[in-house]
Amino acid sequence: MIKITVLDGYAANPGDLSWDVFKDFAELTVYDRTPPELVVERIGNAEAVFLNKVNITRQIIEKCPNLKYIGVLATGYNVVDTKAAREAGITVTNIPAYSTDSVAQHVFALILNFTNLVEQHSRSVHDGDWIKSPDFCYWKSPLTELKGKTLGIFGFGSIGQKVAEIAHAFGMNVIIHVHSEKSFKGNEKAVSKEELFAESDFLTLHAPMTEETAGLINAGTLSKMKKTAVIINTARGGLVNEADLRSALENGTIAGYAADVIATEPMAEDCPLFKAKNCVLTPHIAWAPLEARKRLFEIARENLKAFIAGKPVNVVN
């Protein structure tokens, strides 16, 4: 049996899943969390490691000569020095597409938070405002219908395409900006980056974090948007210049921002978006419904089995 260490298992499995699915072919040691100074010690002589957000650097790889496999329990794998792993003969795999439906659903949870104001009105009702109302109904702020609104999508991979599918069901106009020409279904219209910012009523980000996309949302691009526009970010916090965004929210340059990600996670007290005006934040949970995490475990198990059989899949290095 292969010896495997799970370095930060709690995020993917806080107790509602079972690690036993791996135990028929792996000797498993699970740690809920691992600080940087204990990574080498906990890997020890293990041949394989599962991780989510623990950094595996070249220095760590050099100190773990028995390591042959790194399984990232996520789609993004920037926490691993893939070049150093390749040079050391270590296979690195990720978990693609397991959370597409969950993240797309979260995008619309964030959008609807701005259009239907459910939490705001529920709080008002429980504060007694409906009891005091002279009318059978009231609204604290204007409500918005999605039909006919323009949804801009930056990045059109599997999640972006799923978001477009849902947007069409709402009767929205969908425009997209893609890095290169590709075929796509539906009634999406490919536009330039400038058109995307200028025309979107809602702009949702679905691009990877690269040198080209870092700081995509900044004072310049924000100034091109409608004052009524809302930005949704379930991709990467680094796509946004957070100081510029806070200024835009406070100055009314755009109407709102909702995100499941920030530049540095977990949040620090000096994060520019902490308590920002018209800013809705969730703690990186779009991927986390039970159904999605079950798929993650299933794919991780198949990745490990394929590696053991000498036919690795979902290899990223």
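**Figure 1. Asparagine 314 is partly exposed, at 30% relative accessibility.** Three words describe cover here: buried means under 20% relative accessible area, exposed means over 50%, and partly exposed lies in between (1.4 Å probe, protein chains only). Asparagine 314 counts as partly exposed because its relative accessibility is 30%. The residue sits in the segment after α11. Helices (H or I, at least four residues) and strands (E, at least two) are DSSP runs, numbered from the N terminus. Phi of asparagine 314 is near 55°, a positive value in a residue other than glycine. Most residues other than glycine have a negative phi, and most peptide bonds are trans.

The model is predicted: local features need pLDDT of at least 70, side-chain atom pairs count only at pLDDT 80 or more, and totals for chains, interfaces and linings use all residues. Residues are numbered from 1 along each chain as its sequence is written, and side-chain values use heavy atoms, with hydrogens and water left out.

**Figure 2. Valine 315 is also in the segment after α11.** Is valine 315 buried, partly exposed or exposed? Valine 315 counts as partly exposed, since its relative accessibility is 39%. Contact means heavy atoms within 4.5 Å. Leaving aside neighbours within four places in sequence, valine 315 is in contact with Thr91, Val92 and Thr93. Now look at glycine 71. Valine 315 and glycine 71 are 244 residues apart in sequence, yet their C-alpha atoms are 9.2 Å apart in space.

**Figure 3. The loop between β11 and β12 holds proline 266 and lysine 275.** Strand β11 covers residues 256-259, and β12 covers 279-281. A cis peptide bond joins glutamate 265 and proline 266. Its omega is about 0°. Further along the loop, phi of lysine 275 is near 60°. That is a positive value in a residue other than glycine. Lysine 275 counts as exposed because its relative accessibility is 70%.

**Figure 4. Valine 107 lies in helix α4.** The helix covers residues 100-115. How accessible is valine 107? Its relative accessibility is 0%, so valine 107 counts as buried. Which residues does valine 107 contact, leaving aside neighbours within four places in sequence? They are Val163, Thr204, His206, Ile232 and Thr234. Take valine 163 from that list. Valine 107 and valine 163 are 56 residues apart in sequence and 7.5 Å apart in space, C-alpha to C-alpha.

**Figure 5. Threonine 150 lies in strand β6.** The strand covers residues 150-154. Threonine 150 is buried because its relative accessible area is 13%. Not counting residues up to four places away in sequence, threonine 150 touches Met172, Asn173, Ile175, Glu199, Ser200, Asp201 and Phe202.

**Figure 6. Two glutamates are exposed: glutamate 37 and glutamate 291.** Glutamate 37 is in the loop between β2 (26-30) and α1 (39-43). Its relative accessible area is 62%, so glutamate 37 is exposed. The C-alpha atoms of glutamate 37 and leucine 67 are separated by 18 Å, and these residues are 30 apart along the chain. Glutamate 291 lies in helix α11, residues 290-308. Glutamate 291 is exposed because its relative accessible area is 53%. Between glutamate 291 and isoleucine 95, the C-alpha to C-alpha distance is 14 Å, with their positions 196 residues apart in sequence.

**Figure 7. Six residues form one aromatic cluster.** They are Trp19, Phe22, Phe50, Tyr69, Phe297 and Phe307. Rings of Phe, Tyr and Trp (its six-membered ring) pair if their centres lie within 6.5 Å. By this rule the count comes to seven aromatic pairs. Another ring has a charge over its face: arginine 33 lies over tyrosine 10, at 4.5 Å from the ring centre. A charge sits over a ring if NZ of Lys or CZ of Arg is within 6 Å of the ring centre and within 35 degrees of the ring normal.

**Figure 8. The whole protein chain has eleven helices and twelve strands.** Its C-alpha atoms fill a box of roughly 70 × 50 × 35 Å, taken along the principal axes. Buried residues make up 44% of the 317 residues. Among contacts with a separation of 6 or more, 62% are between residues 24 or more positions apart.

Conventions:
Rings of Phe, Tyr and Trp (its six-membered ring) pair if their centres lie within 6.5 Å; planes under 30 degrees apart count as stacked, over 60 as edge-to-face and the rest as tilted.
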